[in-house]
Amino acid sequence: MLGDRYLLFFAGHNIYTCGSKYGDWLSLPILEDLKIQNTNILEGTLAYISPEQTGRMNRGIDYRSDFYSLGVTFYQLLTGRLPFYSTDSLELIYCHLAKQPISADLVNIDIPLALAQIVGKLMAKNAENRYQNALEDVWKV
């Protein structure tokens with residue numbers, strides 16, 4: 001999420017977003033050489049942070065961390081709520097590390113089981129259990 005805008009997709013060198021209230025489109029340039037500057041600082045929005053980004057796992061951060069955050073975003077879009085909510089930062093970090101969210105199809109019965117399974121796999125606690133690339137197994141569900 002970018003401020004009050006929901007990220008929809010990116011193509012080429014642009015990120016396309018849609019305003020949450022007015023449906024206005026915005027194109028933002030993608031940074032070519034985006035690199036993590038300081039891995040000792042917890043960065044990101046805690047509601048969307050992957051378990052490995054918390055710094056409490058003995059592992060590096062790679063592209064699969066983005067799949068987890070995408071899963072949280074899809075969960076929120078499909079159910080109307082975040083998978084974990086807490087006003088305590090440490091409790092929220094603990095939820096991302098150890099708790100399983102309620103399956104999206106149980107929160108919203110209109111969500112097909114196959115879609116809930118995709119979101120669940122995106123939000124797997126271990127990066128090895130998430131999709132390993134953007135096309136893997138999604139079409140098999």
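Author: Contact here means heavy atoms within 4.5 Å. This is a predicted model, in which local features need pLDDT (the predictor's confidence in each residue, from 0 to 100) of at least 70 and side-chain atom pairs count only at 80 or more, while totals for chains, interfaces and linings use all residues. Residues are numbered from 1 along each chain as its sequence is written, and side-chain values use heavy atoms, with hydrogens and water left out.

Reader: In which order do the elements of the protein run from the N terminus on?

Author: Helices (H or I, at least four residues) and strands (E, at least two) are taken as DSSP runs, numbered from the N terminus. Counted in this way, the protein has 4 helices and 3 strands. From the N terminus on, the order of these elements is β-β-β-α-α-α-α.

Reader: Where in the protein is confidence lowest, and where is it highest?

Author: Over the whole protein the mean pLDDT is 76, with 64% of the residues reaching 70 or more. Across residues 20–38 the pLDDT stays under 50, although the model has 33 contacts beyond four places in sequence for them. Where pLDDT is low, the predicted coordinates should not be read in detail. Confidence is lowest in strand β3 (residues 25–29), at a mean of 43, and highest, at 96, in α3.

Reader: Which element gives the largest share of the largest nonpolar core?

Author: A nonpolar core is a set of buried Ala, Val, Leu, Ile, Met, Phe, Trp, Tyr and Cys residues joined through side-chain atoms within 4.5 Å, where buried means under 20% relative accessible area, exposed over 50% and partly exposed in between (1.4 Å probe, protein chains only). The largest one has 13 residues, and Tyr 68, Val 72, Tyr 75, Phe 84, Ala 104 and Met 123 have the most contacts inside it. Two or more residues each come from α1 (64–79), α2 (89–98) and α4 (113–122). The largest share, 3 residues, is that of α1.

Reader: What covers the buried residues of α1?

Author: Among the buried residues of α1 are Phe 67, Tyr 68, Val 72 and Tyr 75. Leaving aside its neighbours within four places in sequence, Val 72 touches Ala 47, Tyr 48, Leu 82, Pro 83, His 96 and Met 123. The cover over the buried residues of this helix includes α2, α3 (104–107) and α4.

Reader: How far apart are the end C-alpha atoms of α1?

Author: The expected span of a helix is 1.5 Å times one less than its number of residues. The 16 residues of α1 should therefore span 22 Å, and this agrees with the model, where the end C-alpha atoms are separated by 23 Å.
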